[in-house]
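This briefing goes through one protein model by topic. Please have the sequence and the coordinates open while reading.

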Amino acid sequence: MAFVAVLVVLALTCSEASYVHVGSNAAACDVTLGERFTGDFDFICDNCGWFHGKGEASCKATAGTGGCHTYSYIKYSGDFPCTSCGACSQCVSPPGQVVHSITLEPTSSGCDEQCTGTPNSCR
């Protein structure tokens with residue numbers, strides 16, 4: 001019974017963790033999103049369900065689940081339920097207006113910052 005409980009805890013922890021490395025051939029991205037756009041926005045969401053706040057260095061984008069991730073810079077005047085960097089189901093389809101977006105995809109040579117290929121799998 002204890003073994004099953006440990007597996008459940010590990011599964012939950014892994015599903016909510018920020019993946020930093022994808023497969024043996026892909027490097028992780030390491031992008032401070034706040035440096036990529038200086039316009040007016042309230043928060044940044046990865047369409048995979050990850051909240052990136054205002055794009056601080058402490059909450060970098062890694063595109064860790066692989067595939068092409070879209071990071072949306074959102075202008076929203078309401079109360080958004082996510083307040084700290086991490087998993088946020090509201091980021092899959094966030095309220096508000098997308099004022100800017102960028103795409104990132106880990107590749108074998110680093111990070112493609114203008115990917116248009118296969119969307120991420122949101123593992």
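The points below cover confidence, fold, burial, disulfides and one backbone feature.

The structure is a predicted model. Its chain holds one helix and six strands, and a search of the whole structure finds five disulfides. Mean pLDDT over the chain is 79.

**Confidence**

- A pLDDT of at least 70 is reached by 72% of the residues.
- Of the elements of the chain, strand β1 (residues 43–46) has the highest mean pLDDT, 96, and helix α1 (residues 2–16) the lowest, 35.
- Residues 1–24 stay under a pLDDT of 50 throughout. For this stretch the model has 21 contacts beyond four places in sequence.
- Where pLDDT is low, the predicted coordinates should not be read in detail.

**Fold and surface**

- The order of elements from the N terminus is α-β-β-β-β-β-β.
- Taking contacts between residues at least 6 apart in sequence, 73% join residues at least 24 apart.
- The chain has 123 residues, and 37% of them are buried.
- About 7000 Å² of the chain is exposed, with 55% of that area supplied by carbon and sulfur atoms.

**Disulfide pairing**

- A disulfide is a covalent bond between the sulfur atoms of two cysteines.
- With the bonded cysteines of the chain numbered in sequence order, the pairing reads 1-9, 2-8, 3-6, 4-10, 5-7.
- Three of the links, among the five found, are described below.

**Cysteine 29 and cysteine 111**

- Cysteine 29 is joined to cysteine 111 by a disulfide with an S to S distance of 2.0 Å. The link is right-handed, with 95° about the S-S bond.
- Because cysteine 29 lies in the loop between α1 and β1 and cysteine 111 in strand β6 (residues 110–112), the pair ties together parts 82 residues apart in sequence.
- Cysteine 29 has a relative accessible area of 2% and is buried, whereas cysteine 111, at 26%, is partly exposed.

**Cysteine 45 and cysteine 91**

- The disulfide between cysteine 45 and cysteine 91 has an S to S distance of 2.0 Å. This link is left-handed, with -55° about the S-S bond.
- The pair links distant parts of the chain, 46 residues apart: cysteine 45 is in strand β1, and cysteine 91 is in the loop between β4 (86–87) and β5 (97–107).
- Cysteine 45 is buried at a relative accessible area of 1%, and cysteine 91 is buried at 2%.

**Cysteine 68 and cysteine 115**

- In the disulfide of cysteine 68 and cysteine 115, the sulfur atoms are 2.1 Å apart. The torsion about the S-S bond is about 80°, so the disulfide is right-handed.
- Distant parts of the chain are linked here as well, 47 residues apart: cysteine 68 is in the loop between β2 and β3, and cysteine 115 is in the segment after β6.
- Cysteine 68 and cysteine 115 are both buried.

**Alanine 63**

- Alanine 63 is in the loop between β2 (50–51) and β3 (69–75).
- Although alanine 63 is not a glycine, its phi is positive, at about 50°.
- Alanine 63 counts as buried because its relative accessibility is 2%, and buried means under 20%.

Note on methods. Residues are numbered from 1 along each chain as its sequence is written. This is a predicted model: local features need pLDDT of at least 70, side-chain atom pairs count only at pLDDT 80 or more; totals for chains, interfaces and linings use all residues. Side-chain values use heavy atoms; hydrogens and water are left out. Helices (H or I, at least four residues) and strands (E, at least two) are DSSP runs, numbered from the N terminus. Buried means under 20% relative accessible area, exposed over 50%, partly exposed in between (1.4 Å probe, protein chains only). pLDDT is the predictor's confidence in each residue, from 0 to 100. Contact means heavy atoms within 4.5 Å. Accessible areas come from the Shrake-Rupley method with a 1.4 Å probe; for residues, only the protein chains shown count as cover. A disulfide is a pair of cysteine sulfur atoms within 2.5 Å.
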